[in-house]
Structures are given as structure tokens and as C-alpha cells.
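Visitor: I would like a close look at one part of this protein, taken slowly enough for a beginner. Please show me how the strands are put together and what surrounds them.

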Amino acid sequence: MLSFSCEVSPEAETYAVSSWCRMSFYEADFGWGFPVWVAPGSVDKTQVVLMDAKDGEGVEAWVTLPETDMAEFEHDDELLVYATPSPSVRTK
């Protein structure tokens, strides 16, 4: 297991990033069949969770940011060249 630590300035923005890729979530059958869709149970306010797509042809990125940052992130042209955003799941 790789572990490291570093000192971060209190003014610095930090984001937790974790990869769940190559974890065989879609191959687990707990008695009621294979999952249709897998998602993290909860995500912090500034976190990225990467997961293999069910079809194995891509990666889902669960990204949570403060609302103002998310609005900018969702409309970033450089990002959108590589991504297909899902509709917002926020309730109005």
C-alpha cells in the first residue's frame, strides 16, 4: 500500500480523489442478480471518485464541488471534449 503525507497551506483548496476502477462491482451477485448500476453511497463536498463504466468502455467520474465551482466545471469546453455529463441530480 502506498502512503504519503505532506503539509498543505490552510489557504489551499484540496480535493480528495479515489479510484474504484478495476474493482469488480458489476460482477458481484449477492443473491438478487448482478447490479444494474453502481454508485458511491456518499461523497464529500470536494471529492472525485472514479469507477469503471458498466460496459467496460469508459470511466465514470463522480465529481462534487461547491455550487459555484460546479457551474463552471460543467461548462468547461476543454473537459466536455472528453466527457459526457449526466443531468444534474440536484433537487430544485
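Guide: Let's begin with one pair of residues: Met 51 has Glu 60 in strand E3 as its bridge partner. A word on what you are looking at: this is a predicted model, where local features need pLDDT of at least 70 and side-chain atom pairs count only at pLDDT 80 or more, while totals for chains, interfaces and linings use all residues. Numbering starts from 1 along each chain as its sequence is written, and side-chain values use heavy atoms, leaving out hydrogens and water.

That pair belongs to a longer match. Strand E2 covers residues 47–52 and strand E3 covers residues 59–64, and six bridges pair them in the antiparallel sense. Strands pair if DSSP finds at least two bridges between them. The names come from DSSP runs, numbered from the N terminus: a strand (E) has at least two residues, a helix (H or I) at least four.

Now follow the chain from E2 to E3. The two strands form a hairpin, with six residues between them. In this turn, find Gly 56, whose phi is positive at about 75 degrees.

Next, go back to the beginning of E2, where Gln 47 sits. The E3 bridge partner of Gln 47 is Thr 64. Is Gln 47 buried or exposed? Gln 47 counts as buried because its relative accessibility is 14%; the buried label means under 20% relative accessible area, exposed means over 50%, and partly exposed lies in between (1.4 Å probe, protein chains only). Leaving aside neighbours within four places in sequence, Gln 47 is in contact (heavy atoms within 4.5 Å) with Ala 16, Ser 18, Trp 62, Val 63 and Thr 64.

E2 has another partner as well. Strand E1, residues 16–19, runs parallel to E2, and four bridges join the two. One example is Val 17, whose bridge partner in E2 is Val 48.

The loop between E1 and E2 is a good place to pause, and Arg 22 is found there. Although Arg 22 is not a glycine, its phi is positive, at about 65 degrees. Arg 22 is described as exposed because its relative accessible area is 79%.

Pro 40 is found in that loop between E1 and E2 too. Unlike the exposed Arg 22, Pro 40 is buried, with a relative accessible area of 11%. Which residues does Pro 40 touch, not counting those up to four places away in sequence? The answer is Trp 20, Val 49, Met 51 and Trp 62. Notice that Met 51, where we began with its bridge partner Glu 60, is one of the residues touched by Pro 40. You can also compare Pro 40 with Leu 50: they are 10 residues apart in sequence, and their C-alpha atoms lie 9.8 Å apart in space.

Finally, step back to the whole chain. The secondary structure comes to two helices and three strands, and along the sequence the pattern reads β-β-β-α-α. Of the 92 residues in the protein chain, 11% count as buried, and Gln 47 and Pro 40 are among the buried ones. Taking contacts between residues at least 6 apart in sequence, 35% join residues that are at least 24 apart.
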